[in-house]
Amino acid sequence: MLHRALPLLFSLLIALPASAMDLKELSDEERAQFRAEVRAYLLENPEVIMEAVERLQAREAEQQQQADLSLVAENADAIFNDGYSWVGGNPEGDITLVEFLDYRCGYCKRAHGEVAQLLESDGNIRLIVKEFPILGEQSVLASRFAIAVKQVAGAESYRAVNDALMAFNGEIALPALRRLATTYGLDAAEIEARMESEEVTAEIAETRALAQRLQITGTPTFVMEDELLRGYMPYDQMADIVAEKRG
């Protein structure tokens, strides 16, 4: 990061008209003297380096935010109206929150309770869940199970197993998933058969393709209306963003 910030600092130090100083026209001795003076200045004023770094980071964050806004706009239909992702909260809510999650992601597990609190306290938020298993075979198995439950038994059963998988901390394997299905009165054999179906595979593939277009590489990742929010967010921060969106 430092070597990227120095050009900005350099330009600040030599903020003179082009005619007053052209480094290319300096002699070797003049260039060496100039470098020595810059070095001395930095040693005497190291806070200037941090100021330049902070300015660069702020500029990059703003550029990333603008790029993310464009990505969301370009993929809005796939994000908000894909026709297969589970929709919860208030389906008629004035704010839509989309979450890309992985059942083995520790931060997703933390975020699960925060999102539930947001939905309970607000009552006017539409939630869309995107199954995005990226942490290995157990993640894929869990998502296949959850999607199969949704396709076979419907939205309410999906919600129940989604909650259960987020609370589950053991090894995700078929015996555990069969027990989970039985616990909720589901047909474990039918769900297991559906897990390897083309329909389940297609849903995971579509979500992965969408995540790639949105440049999402980690979970949880949220989309709040027009804004892409990367990483875990506590309840208070999400509530503040909701308030901002409502104006």
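Start by selecting K130: with 1% relative accessibility, this residue counts as buried. You are looking at a predicted model.

Keep K130 selected and add D82. The two form a salt bridge, with the closest N and O atoms 2.5 Å apart. This pair ties together distant parts of the chain, 48 residues apart. K130 lies in strand β3 (residues 125-131). D82 lies in the loop between α4 (76-80) and β1 (86-89). Is D82 buried or partly exposed? Its relative accessible area is 21%, so D82 is partly exposed, because buried means under 20%.

Next, select D94 and R246. Their side chains meet in a salt bridge, 2.9 Å from N to O. Again distant parts of the chain are linked, here 152 residues apart. Find D94 in the loop between β1 and β2 (95-101), and R246 in helix α11 (residues 235-246). D94 is partly exposed, at 40% relative accessible area. R246 is partly exposed too, at 37% relative accessibility.

Now go to R178 and E192. They form a salt bridge whose closest N and O atoms are 2.8 Å apart. Which helices does this pair link? R178 sits in helix α8 (residues 174-183) and E192 in helix α9 (residues 188-195), 14 residues apart. Both ends are partly exposed: R178 at 36% relative accessibility, E192 at 27%.

For the last stop, return to D94 and R246 and add D122. Salt bridges with shared partners join D94, D122 and R246 into one network.

Zoom out to finish. Across the whole structure, a search finds eight salt bridges, including K130 with D82, D94 with R246 and R178 with E192.

Technical notes:
Residues are numbered from 1 along each chain as its sequence is written. This is a predicted model: local features need pLDDT of at least 70, side-chain atom pairs count only at pLDDT 80 or more; totals for chains, interfaces and linings use all residues. Side-chain values use heavy atoms; hydrogens and water are left out. A salt bridge is a side-chain nitrogen of Lys or Arg within 4 Å of a carboxyl oxygen of Asp or Glu. Helices (H or I, at least four residues) and strands (E, at least two) are DSSP runs, numbered from the N terminus. Buried means under 20% relative accessible area, exposed over 50%, partly exposed in between (1.4 Å probe, protein chains only).
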